[in-house]
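Student: I would like to learn how to read internal cavities, helices and strands in a model. Can we take them in turn?

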Amino acid sequence: MSDVLAVAEHRRGELRDVSLELLTAGADLAAEAGGDLHVAVVSGPVEEFAEDLNREGVDAVHTVAHGDDYNHDVLVQAVAGLVDDLDPAYVLAPNSVNGLDSAPALAQRLDAPLVTDAVGLAVEEDEGDLVVTRELHGGKTEGTLAVDGTPAVVTIRPAEWPAAEGNGDADVSAADVAIDEDGVRTAVTGYQEVAGGEVDISEAEVLVSVGRGIEEEENLDIIEDLADALDATISASRPIVDNGWLPKDRQVGQSGKVVTPEVYIAIGISGAVQHVAGMKGADTIVAINTDPNAPIYDIADFGIEDDLFDVVPALTEQFS
């Protein structure tokens, strides 16, 4: 009993990126535990989702066709049924709105331990317990928890694992689980966009992100010029949003959004742990800061130690 069951997530007809990250986390854990990786996808166009989830490291994909979109009661029943059939040691779900909605209910139904917001997973050598790494004190330090008991339900933080790649040869099948319709007491009746959400920074390929080093709101003009030259989206660290210079939907970090762009340009951002937690998954990180000891340089691929008021206009001219 060392298998892993990963619960894929989708929304409004699209598989979410965190589902592919979940496969990587699950495949690594299954390999370490000496078991197989099973993937569950519940509701929506499950056959289409299953095809995309059939990646390297996946041993089996189980589909449950019931409804068009996420439903709390349906998912909990379906996954609980799969746990009864498959007897996995670990159940993984995204640490997302949907995941945090369903994972506690699933753990209660299974009488299983629950750990949320994992950034690392391992199997203890001596006892064989699951060891979960979580960030503590606002991301300033890390701690580990040894989870005694199976199945253990764990939610993983988005952008902590790379997305699974390649084509797999998993066994794809419709799961033989029964859904008690009398137990389905909730329904998604619609979606409402958050006010001010004209852009979604989590979907941007290039982000030009600005921090307190910009000094004044009027100075944001040079950031906008650079973003225009790069065809990029503007984001920000928390001080900029707290000052009211940019809306909340532009904030990157633990209290904002997690982003994974191809390029992240951090301008006048020191690199506090709360901010780094939201952007360290970017493919390429460029830092512009006058402080050579700024923490942002610890994770940057490229750094420009100079005055942003000289560097940014020069870059804009170069790319215009």
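Tutor: Start with one helix at one cavity. This is a predicted model. In the second largest cavity, α4 gives the most to the lining, with 3 residues.

Student: How does one find such space in general?

Tutor: Rolling a probe the size of a water molecule over the atoms shows where empty space is left. Here the count comes to 3 cavities of 30 Å³ or more.

Student: How much space lies in the second largest cavity, and which residues line it?

Tutor: About 50 Å³. Its lining consists of Val7, Leu75, Val79, Ala93, Ser102, Ala103, Leu106 and Val153. Both α3 (72-86) and α4 supply at least two of these residues. By type, the lining has 7 nonpolar residues, 1 polar and no charged.

Student: What about the largest cavity?

Tutor: That one holds about 100 Å³. Among its lining residues are Val7, His10, Tyr70, Asn98 and Ser102. At least two residues each come from β6 (90-94) and α4 (97-110). Again α4 gives the most, with 3 residues. The lining divides into 7 nonpolar, 4 polar and 1 charged.

Student: Now α4 itself. What should its 14 residues span?

Tutor: At 1.5 Å a residue, they should span 20 Å. The end C-alpha atoms of α4 lie 21 Å apart, so the expected span and the model agree.

Student: Which residues of α4 are buried, and what covers them?

Tutor: The buried ones are Asn98, Gly99, Ser102, Ala103, Leu106, Ala107 and Leu110. Their cover includes β2 (10-11), α3, β6, β7 (114-118) and β11 (152-156).

Student: What follows α4?

Tutor: Asp111 does, with a positive phi, near 55°.

Student: Let us turn to strands. What is the general idea?

Tutor: In a regular strand the side chains alternate between the two faces of the sheet. Take β16 (residues 284-288) as the case.

Student: How many of the residues of β16 are buried?

Tutor: 4 of its 5, which leaves the strand mostly covered.

Student: Which strands pair with β16, and in what sense?

Tutor: Strand β15 (residues 263-267) pairs with β16 in the parallel sense, over 5 bridges. Strand β17 (residues 302-304) also runs parallel to β16, and 3 bridges join the two.

Student: Which residues can I use to check those bridges?

Tutor: On the β15 side, look at Val263: its bridge partner in β16 is Thr284. On the β17 side, take Val286, whose partner in β17 is Phe302.

Key:
Residues numbered from 1 in each chain as written. Predicted model: local features only at pLDDT ≥ 70, side-chain atom pairs only at ≥ 80, totals over all residues. Heavy atoms only, no water. 1 Å grid on protein atoms, 1.4 Å probe; cavity = no way out; pocket = protein on both sides within 12 Å on 5 of 7 lines; lining within 4 Å. Points joined across faces, edges and corners; volume = space filled by probe spheres on them. Nonpolar A, V, L, I, M, F, W, Y, C, P; charged D, E, K, R; others polar. Expected span 1.5 Å × (residues − 1). Buried < 20%, exposed > 50% of the residue type's maximum accessible area, 1.4 Å probe, protein only. Contact = heavy atoms within 4.5 Å. Pairing = 2+ DSSP bridges.
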